[in-house]
Amino acid sequence: MSKLLMYKDIQKTKRQENVCHFYLFGAKTLLLVSLLFTFLLSVNAKAESITHAQAQGQTKSQAQAQIQTPKWQLLLQAPEQMLWLGQASEWLLISSNQPESNNAFSGKLSFPKNKDFSFETGAAITVNYNGAAAAAYPLRITPKSSGNLTLPSISLTLANSTVKTAPMPITVAQAKQSKHMQLSVEHSAKEIYLGQSVRLNIRWQLSYPVNALQAVQFYIPEFYHPDISVVMPWNQVNSSDNNAIGLPISGKRIIGKWQALADNKVQIDAQVLIKPTKAGQYHFAAPHLQVNVNQNKLAKKRKRFAGAQYPAYFNNNFFESKPGSYGETPTYVREQTRGNAFTLTVKSLPTPAPDNFTGIIGKPDINASASPTTLNQGEPLQYSLTLVHPDLETIDTRDLSQVASFNRSFDIPSPPSPATYQAGVKTIHQSIFPRRADIEAIPEYAISYFDPITGLYRELDIAAIAIEVNENVQFNFSQGQSSDALNIKNRLTKDDSGIWAHYWNEQLFATTNPTFFSLNKAQIMWLTVSLILTIPPLIVVFLLAKPLFERRQQALMQQPYFRLKTQLNAQHEPLSALSNYAQQRLNIAPSQFNALQVKQAILALAKNGNNSSAAKLDILALQLFDWINRYQTQYSSQKASVPEPKAVNVSELISLIAQLEQQLPQFNITSSAKVNSSNTLLSTLLMIGLLFLPVDNVVAEQTSLAQPSISEQIQQLQQAHQHALQLSIDSPQKASVAHSKIAQQLTEFVGNKHLNQATLMYNIASSWHHAGQYGDSILWFRRAENSEMQNSAVKNNAVSEQIAHNLQQTRNKRLDDLPDFFAPTWLIQLQKIAGNPLWQGISLLCYLWFLYLLVQRVKRDNAGKGFYHSAALLTVCLISQVLYFSYQPLRSDGVITRTEVVSRKGPGLIFSPAFTTPLNQGTEVILKQRQGNWSQVQLSDFSTVWLPSKAISWVNDLNHASK
């Protein structure tokens, strides 16, 4: 029993232990689950907090974004005053917070088509809206209907976005048509050219008291057109005038002038100018006028109007829009009156317009003046222009700073002062400053205007004004002192720049050919080769040419007709020469010579001839008889001092004898009259020998032929030239003037037979070069070149080389970048290579080598490759030398001697310029054709243009050389 109990206790104890273990395990499990659940809850809470924070951040950023980019709004700001039918009112369309764009004012307004309103817009402006800048578009809205209306939506497009205004209800009242006011607007012209202006005479007549009118609104359609500019007239009413009164006309204060009429009526006149900026046809609606009429003042006793209470530049009752003061509550009636519609036609101008065209239509009257005319270099000078023209207020003159002739001589730092008007004359003042002391005149320049009568552009020349500019005292480097210890060594190098000096002594007076040894080495070499190759045939031709020519001349002199003709052309006594002819051909002795004997001798010959020659001889006999009698009568009348009969023509006698010779038998020369040819050949040989004699003595004798007076004048000019060269060190401007005068004085000797013309022209050209007139310098160097080539008998190689050198140096000074020769560049280079002494020596060696190989070939009767190679090389050398000695590029016919010459594409100002810049002095041309006052010329770059003939000086035109 005890064991059983013990067993039961043990089992009970085990069950209790199991229960304890179970509870312990459950507690542990529950603890772990709770810990895991707590961990999960914490993780979830953290995730929710993060998500909530992110959501709050997004909301905050969105809110900030909404604050930074407010909504784009379009607001329409209405005027304060009442809206009236037919009266334009000023509105403002404000674009607030508009999207960003490259141009804030580039928005495009769109207006709906509406029968009740018309819309006009102006240029966009910037306004302050709610403390921020906003774009605003001024609008002018005119009601076409009255009553309660709805203003439609207006849209604005900017940066591919569009916003609209909301429709706006408005009330439009209708003014009463007035019977006590009339409005008229008269125009000075109905058809004009672009650039002209039209005067508007605005007239307002009223029978109301002036002080009873308020809120006056003039509507002139011309004022609001975008292509019309409004200008006040120069003679507008002075605001201080007793009859002046201010008028609110289309948003502007216009000063008008009132005058009292009969029956207490008042007339107010105002004047403005309008100038269209585009061509076309303009249709303007009828102008109208609306006013508020104070009925209370109409009821009072009316007084005669004596003028406004305040000056015209203050607001009067016309500008008031609210009821009056002093507690008065007036009754207003809105009244209106209208004028007539108007159509203006604006014609366009021909294109292209000249460069110096400033828009003047019709010929102006322009005069220039300057003060002072004597001043120092750099001091101001007032240049004034007075203009008389129908459109004084709107015409402009040329900007002097754009005129090249002014820019070169004057500084123009500021624009002209505002124009002044007096008695219909416009005056413009411009301050200019002379740059140099050699300026002798304010230059002449031209202004183009359009002639509406002929439809052409014409030029008006503004005359030059003589001034005297004194040179300021400046530092002279030649007066400076240098240290004796300063030792400067200079390497001597030949300088090809600059020009050679003048010729004053024997070279200027030399008129004979220089010696053989004055030729350069290349010329001597080729002359020697030419003589070796051609001397035998030349000797034969030369020896035989003169004897044959003299024999021919002497044979002809034996002919009676040839001798008669020669004597008559030499102005011998006609009857004496005719007597010798009659003795040889008609067998009439000189003692028996008279008109009757000549007639009978010819008639006797006629009887022996055939019928046709007999008739002609009869006629010739009568004509010669008549001629001899007339000549004798004229000779006797001259001695008796009686009136001369009809003059006798010697050419008539020659013609009669020529006809007679055709009818007479041929005259035979006797053998005794033949020339002894041996004497002629001997004289020819003597002449050949004289060619090789020195010519120094001949030159000296020829020099002595010059007149002493010419030598003295040349010596004086030489001294003046030396003085000018010395003057250029201290005063280059005055030296330039002195060289110009020397060139002009040297020009007076052109054509003098005692002076070498080529050398004289060389001196003239060099003087112009020293004066800085490179156009005239190139002209005279070209003339010297032509004179040297045409007069080969007096050619001086030293002068020729220096002419070419100085001409090239002067060409380098000109402004226009053009080739120096009228030929392709490659051809000019090839000619220079062919003229090189080295190449000429190679050519001579090739010739000798070819002759050597030719002799070898004849001896051996075969030809190797060297023979053909030498033949080919010799051919190249011969072609190059033929090119060098025979080819000469075209030379210029004329030179531009004026500055800033505009070349055109045709003969007239109507044609557009050929180049973007004008041509300058020194540019050489070749004449193609002339047409009126224009010349078609070719430039050295082979372009063809038209130039004014007066701008070109021609190389061969020496008749105007001194001008």
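In the predicted model, a nonpolar surface patch of about 340 Å² is made by four leucines, L845, L848, L851 and L854. One of these residues, L848, is placed in helix α19, which spans residues 837-860. The relative accessible area of L848 is 47%, a value that makes this leucine partly exposed.

Charged side chains form a second topic. The structure holds 15 salt bridges, among them the pairs E120 with R140, R199 with E393, and R782 with E785.

In the pair formed by E120 and R140, the closest N and O atoms are 4.0 Å apart. Strand β5 (residues 117-121) contains E120, while R140 belongs to strand β7 (residues 132-143), so the salt bridge ties together parts that are 20 residues apart in sequence. The two partners are assigned to separate accessibility classes: E120 is partly exposed, with a relative accessible area of 27%, whereas R140, at 15% relative accessibility, counts as buried because the cut-off for burial is under 20%.

A further salt bridge brings together the side chains of R199 and E393, with an N to O distance of 3.1 Å. R199 is located in strand β15 (residues 198-206), and E393 in the loop between β28 (381-388) and α3 (404-409); the pair therefore ties together parts that are 194 residues apart in sequence. Both partners fall in the buried class: R199 has a relative accessibility of 19%, and E393 has one of 12%.

The salt bridge between R782 and E785 lies within a single helix. Its closest N and O atoms are 3.0 Å apart. Both residues belong to helix α16 (residues 774-790), where a separation of 3 residues corresponds to about one turn of the helix. R782 is buried, as is E785.

Salt bridges that share partners also join E90, E120 and R140 into one network. The pair of E120 in strand β5 and R140 in strand β7 is thus part of a group that includes E90.

Notes
Residues are numbered from 1 along each chain as its sequence is written. This is a predicted model: local features need pLDDT of at least 70, side-chain atom pairs count only at pLDDT 80 or more; totals for chains, interfaces and linings use all residues. Side-chain values use heavy atoms; hydrogens and water are left out. Helices (H or I, at least four residues) and strands (E, at least two) are DSSP runs, numbered from the N terminus. Buried means under 20% relative accessible area, exposed over 50%, partly exposed in between (1.4 Å probe, protein chains only). Patches are made of residues with over 30% relative accessible area and no salt bridge: like charges are joined within 9 Å, nonpolar side chains (Val, Leu, Ile, Met, Phe, Trp, Tyr) within 5 Å. Accessible areas come from the Shrake-Rupley method with a 1.4 Å probe; for residues, only the protein chains shown count as cover.
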